[in-house]
Amino acid sequence: MENKYFHRALSDFVSDVANGGAIRHLADLGYTVEQIVKRVDYPISLEQAKKVVWRHYVERGIILLEKPLEEPVIEKVSYVREYGKYGSVHFRRVVEKVENPKRKYYPCDFGKKRYQDEALFLKELESLNKNDREYILGLPWPLQKVYHVADERMSRIMERLQKC
């Protein structure tokens, strides 16, 4: 049993070393998961690539698993180096209030829609262009509402889907 977990962890580590950086970079450039799988040097399954891209988007705040906060002010913490009277170095914590750079997010429940009626969901996606459809189908959307940053691609997708 322990051997199974070790081999799984080792496999994930090797895959991340071989492809992790390339997958994250290509995802940041706007490639879909299918396009990423075709472009990386080390072979990776579509499912593994989906997981890496999803985790990357969650870590970068492109996808939020909870409703975004609407706080107008956030705290920014920094440390200032100060010298004592005998030359000893001390660090003082400085907290300043800064305006929250508001990012707009779209609520997305693609996983739930796909689970409830996949045929209807795929029919709705027919109004999208090929890359946008691949983008939506290439991510492992959970069965709950998540929030996707309102970038150019997602704004275009949401606009098209609302027209239907």
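Which residue forms a salt bridge with Arg-156, and how far apart are the closest N and O atoms?

1. The partner of Arg-156 is Asp-132, and the closest N and O atoms of this salt bridge are 2.8 Å apart. Arg-156 belongs to helix α7 (residues 152–163) whereas Asp-132 belongs to helix α6, so the contact ties together parts of the chain that are 24 residues apart in sequence. As the model discussed here is a predicted one, this distance and the others below should be read as values computed from predicted coordinates.

2. The two ends of that salt bridge differ in their surroundings, and the accessibility values make this plain. Asp-132 counts as buried because its relative accessibility is 2%, while Arg-156, with a relative accessible area of 30%, is partly exposed. The pair is also part of a network of salt bridges, in which Asp-132, Glu-152 and Arg-156 are linked.

3. Salt bridges in this model come to a count of nine, and two further examples can be set beside the one above. Arg-114 forms a salt bridge with Glu-118, with 3.2 Å between the closest N and O atoms; here Arg-114 is partly exposed at 30% relative accessibility, and Glu-118 is likewise partly exposed, at 38%. Lys-113 and Asp-109 also meet through their side chains in a salt bridge, at 4.0 Å from N to O. A salt bridge is accepted within 4 Å, so a reader may wish to treat the Lys-113 and Asp-109 contact, given as 4.0 Å, with that cut-off in mind. Lys-113 is partly exposed, with a relative accessible area of 35%, and Asp-109 is partly exposed as well, with 24%.

4. The aromatic side chains deserve a separate point, since four aromatic pairs are counted. In one of them, Trp-54 and Trp-141 are arranged edge-to-face, with 5.4 Å from centre to centre and 80 degrees between the planes. This pair links distant parts of the chain, for Trp-54 sits in helix α3 (residues 46–60) and Trp-141 in the loop between α6 (130–137) and β5, the two being 87 residues apart. Trp-54 and Trp-141 are both buried.

5. Another of the aromatic pairs is formed by Phe-110 and Phe-121, whose rings are tilted, with 6.2 Å from centre to centre and 55 degrees between the planes. Phe-110 lies in helix α4 (residues 110–116) and Phe-121 in helix α5 (residues 118–125), and these two residues are 11 residues apart. Phe-110 counts as buried at 5% relative accessibility, and Phe-121 is buried too, with a relative accessible area of 3%. The two pairs are not isolated from each other, because a single aromatic cluster contains Trp-54, Phe-110, Phe-121 and Trp-141.

6. A ring also takes part in a contact with a charged side chain: Arg-153 lies over the face of Tyr-135, at 4.1 Å from the ring centre.

7. Turning to the strands, three of them form an open sheet in the order β1-β5-β4, with antiparallel pairing. The strands β1 (63–64) and β4 (105–108) stand at the edges, where each has a single partner strand, so one side of each is left without a neighbour in the sheet. Strand β5 (residues 146–149) runs antiparallel to β1, and two bridges join them; within this pairing, Leu-64 stands opposite Tyr-147 in β5.

8. On the surface, a nonpolar patch is formed by Phe-6, Leu-10, Phe-13, Val-14, Val-17 and Tyr-42, which together have about 590 Å² of accessible area. Val-14, one of its members, is found in helix α1 (residues 2–28) and is partly exposed, with a relative accessible area of 35%.

9. A last point concerns Tyr-79, which is found in strand β2 (residues 73–83) and is exposed, with a relative accessible area of 56%. Its C-alpha atom is separated by 9.7 Å from that of His-90, and Tyr-79 and His-90 are 11 residues apart along the chain.

How values were computed: Residues are numbered from 1 along each chain as its sequence is written. This is a predicted model: local features need pLDDT of at least 70, side-chain atom pairs count only at pLDDT 80 or more; totals for chains, interfaces and linings use all residues. Side-chain values use heavy atoms; hydrogens and water are left out. Two strands pair if DSSP finds at least two bridges between them. Helices (H or I, at least four residues) and strands (E, at least two) are DSSP runs, numbered from the N terminus. Rings of Phe, Tyr and Trp (its six-membered ring) pair if their centres lie within 6.5 Å; planes under 30 degrees apart count as stacked, over 60 as edge-to-face and the rest as tilted. Buried means under 20% relative accessible area, exposed over 50%, partly exposed in between (1.4 Å probe, protein chains only). A charge sits over a ring if NZ of Lys or CZ of Arg is within 6 Å of the ring centre and within 35 degrees of the ring normal. Patches are made of residues with over 30% relative accessible area and no salt bridge: like charges are joined within 9 Å, nonpolar side chains (Val, Leu, Ile, Met, Phe, Trp, Tyr) within 5 Å. Accessible areas come from the Shrake-Rupley method with a 1.4 Å probe; for residues, only the protein chains shown count as cover.
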